[in-house]
Amino acid sequence: MGIAFEKRYIWQFLENPARSGIILMAYDGNKLVGQLCSIPCNYVLMNKYYATATAGEWLCVSPHYRGKGLMLQLLNKRAKLENPFPFVLDLPNKKSLNGFVKYKCYTLSVKQLIRPVKLSHCFAYKKILRQIMSPFDNT
């Protein structure tokens with residue numbers, strides 16, 4: 001995946017200012033069948049900071065092992081580890097939504113708005129695109 005992935009991994013999991021990330025892996029013998037990666041983030045709600053985690057695209061279970069409770073086991077294991085997060089945010093796909101609901105996660109019916117202030121920062125590992133977009137950065 002290249003050096004860009006390595007830099008991203010180091011920042012998200014090892015040098016993250018919120019705290020270190022955690023990666024849990026599930027095996028059937030020597031075969032990797034699932035993983036859960038918790039990426040720490042700081043969210044501000046009513047002027048108070050909350051450390052939370054996003055599972056993002058890194059919560060996955062092999063298709064042959066779906067529907068057997070593996071996702072719930074990974075989520076439960078993460079919740080029982082030291083320094084649990086007060087809440088977890090995620091944007092699950094259709095296949096994992098039911099697992100999150102079984103885990104007692106609730107869907108939020110809110111519209112999220114995003115406004116990138118520095119468009120060039122959306123291309124942290126693409127130097128040419130970053131240079132092209134930098135004149136459009138809002139200050």
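Let's begin with helix 2 and helix 3, which pack at an angle of about 50°, their axes lying 9 Å apart. That angle makes helix 2 oblique to helix 3, and the crossing of these two helices is right-handed. Keep in mind as you look that this is a predicted model.

Which residues bring the two helices into contact? From helix 2 come Met71, Leu72 and Leu75, and they meet Ser96, Gly99, Phe100 and Lys102 in helix 3. Sorted by class, the residues of this contact are four nonpolar, two polar and one charged.

Now turn to the second largest pocket, whose volume is about 380 Å³. Its lining is made up of 17 residues. If you would like to find the middle of this pocket, look for Arg66, Gly67, Met71, Lys95 and Ser96, the lining residues that lie nearest its centre. Two of these names may ring a bell: Met71 and Ser96 also take part in the contact of helix 2 with helix 3.

Where does the lining of this pocket come from? Strand 4 (60–61), helix 2 (70–80) and helix 3 (94–102) each supply at least two of its residues. Helix 3 gives the largest share, with five residues. By class, the lining of the second largest pocket holds seven nonpolar, six polar and four charged residues.

To put the picture together, trace helix 2 and helix 3 once more: they pack against each other at about 50°, and each of them also supplies at least two residues to the lining of the second largest pocket.

Note on methods:
Residues are numbered from 1 along each chain as its sequence is written. This is a predicted model: local features need pLDDT of at least 70, side-chain atom pairs count only at pLDDT 80 or more; totals for chains, interfaces and linings use all residues. Side-chain values use heavy atoms; hydrogens and water are left out. On a 1 Å grid over the protein atoms alone, a cavity is a set of points where a 1.4 Å probe fits but cannot get out, and a pocket is an open set with protein on both sides within 12 Å along at least five of seven lines; lining residues have an atom within 4 Å of a point. Grid points are joined across faces, edges and corners, and a volume is the space filled by probe spheres set on the points. Helices (H or I, at least four residues) and strands (E, at least two) are DSSP runs, numbered from the N terminus. Ala, Val, Leu, Ile, Met, Phe, Trp, Tyr, Cys and Pro count as nonpolar, Asp, Glu, Lys and Arg as charged, and the others, Gly among them, as polar. Axes are lines fitted to C-alpha atoms, for helices over the stretch in contact, and angles run from 0 to 180 degrees between N-to-C directions. Angles under 35 degrees count as roughly parallel, over 145 as roughly antiparallel, 65 to 115 as roughly perpendicular and the rest as oblique. A crossing is left-handed if the near helix is turned anticlockwise from the far one by less than a right angle, and right-handed if clockwise. Contact means heavy atoms within 4.5 Å.
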